[in-house]
Amino acid sequence: MKTLVQALLICCSLQAVAQSPTLYTNKPTEAYKDKAATQKAGIFISNAHLSSYEKINKRLVQIDRDYENPLYIVDTQNLKEYYTEDSPEAPAPIIEMDEYYGSPHLFTTVAGLKVREYPSSTASVLGTVLIGTAVPIEFYPYDKNAWVPISYKEGYGYVAVQYLGERPVMSELIQAYKTTTEVSEQRKYAERILELGWNSEDAVTQKAIQLYIDFATKQDETEKVELLKMQLEVLKAMPKLGDSSKVNKMIKKKQFGFALNGKVEPMNGFDLDWIHTYLGYPIDESANLEDCALGDYEGNSFFNSAEFITHDLDHTYKARKMDMINKNGFILDNHLVEQYTTETMFLKLAKGLITTIDPVEHTYYIAVEDVLYSFEFYNNELLRVELIYYC
């Protein structure tokens with residue numbers, strides 16, 4: 001599960017685009033809160049991207065940051081307009097690289113770490129990240145109450161630096177869990193173990209889930225136990241990497257795919273009249289989007305509860321995303337899943353097909369050759385199904 005979680009978190013540049021060219025630090029470089037360089041703020045690692053800046057003079061550069069006061073660098077001889085291949089390693093506590101991530105980073109050290117919209121404990125919560133998640137670091141603040149940006153959900157948010165450090169050790173968490181007698185403390189460690197397990201290799205994930213199942217069973221948490229048991233079965237039954245033969249057979253038999261009014265989508269897409277009957281007319285259309293999934297004569301059509309790829313000549317609509325409301329649904333192994341399908345019901349049907357689990361977002365993925373189907377749940381109901389293209 002480690003690969004997916006990190007892929008979702010590690011994606012885009014975190015600083016605002018400003019003037020060109022970008023400046024890079026050729027060695028770890030201290031930054032200050034003031035132009036007089038009397039108040040140390042933190043340290044930029046080697047090859048930190050300084051995309052938004054202003055050269056005050058030859059000895060002073062101002063680094064601008066979203067939502068926060070600017071920083072100042074006086075060691076301007078450390079700033080270059082090119083990336084330096086051989087440069088000093090990142091200073092402690094930053095980890096240069098390891099088996100989890102190949103560039104400077106730290107890890108989240110608490111379970112359910114909140115990601116904020118901007119650097120403040122009163123800012124809106126965008127979501128949470130698992131304990132043990134790798135967080136890329138270009139600037140490490142000396143203030144333990146400071147915040148650092150983290151890429152999150154196709155954008156970025158902020159987490160408190162005090163909750164970042166070395167990756168927690170699973171064996172130490174398990175030992176602490178076993179030696180604790182208070183239920184509240186046991187729960188704290190069990191939750192950390194489960195989260196770290198989801199953020200580990202599959203064998204460790206399975207052991208962590210089983211530990212939490214044992215704990216939750218003692219606490220009579222029936223629904224939680226039922227879901228975890230099904231997730232554990234799904235993990236053990238996952239197809240080998242790249243093997244989508246089961247799904248392909250279902251597709252040929254019209255037993256897998258988006259559905260409208262119980263009818264599975266034809267190979268070439270839904271007929272235009274069929275779409276209009278059950279979804280009405282599009283609220284927006286576009287043929288000019290930079291979209292690698294589009295071929296010749298194809299465009300995008302957006303409805304209130306769905307998105308389609310349209311073919312101008314064939315007048316067909318291929319489903320790309322559906323909210324599970326009204327007549328919308330999905331045929332899975334000849335069974336209809338729709339709005340009121342629960343996670344456990346879905347997992348029973350999709351066991352042996354699911355290739356990845358995202359426990360934070362309650363989303364399950366089924367890979368089929370060069371595409372990926374995502375099934376997202378909210379409040380234990382199927383919220384949305386989306387077709388994601390690899391390109």
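Helix H2, spanning residues 170–179, tucks away Met 170, Leu 173, Ala 176 and Tyr 177, which are buried (under 20% relative accessible area, with exposed meaning over 50%, for a 1.4 Å probe and protein chains only). Helices here are DSSP runs of H or I with at least four residues, strands are E runs of at least two, and both are numbered from the N terminus. Looking down the axis of H2, the buried residues fall within an arc of 130°, so they line one face of the helix; the arc is taken from the directions from the helix axis to the C-beta atoms. The other side of H2 has Ser 171, Glu 172, Lys 178 and Thr 179, which are exposed. Helix H3 (183–198) and helix H4 (202–218) are among what covers the buried residues, where contact means heavy atoms within 4.5 Å.

The model is predicted, so to speak of local features takes pLDDT of at least 70 and side-chain atom pairs count only at 80 or more, while totals for chains, interfaces and linings use all residues. Residues are numbered from 1 along each chain, and side-chain values use heavy atoms, without hydrogens or water.

As for nonpolar cores (buried Ala, Val, Leu, Ile, Met, Phe, Trp, Tyr and Cys joined through side-chain atoms within 4.5 Å), the largest has 61 residues, and Phe 308, Ile 354, Ile 366 and Tyr 373 touch the most other members. Another core, of 31 residues, lies apart from it and includes Ala 41 and Tyr 53.

Now the backbone. The Ala 92 to Pro 93 peptide bond is cis, with omega near 10°. Lys 254 has a positive phi, near 60°, and is exposed at 57% relative accessible area.
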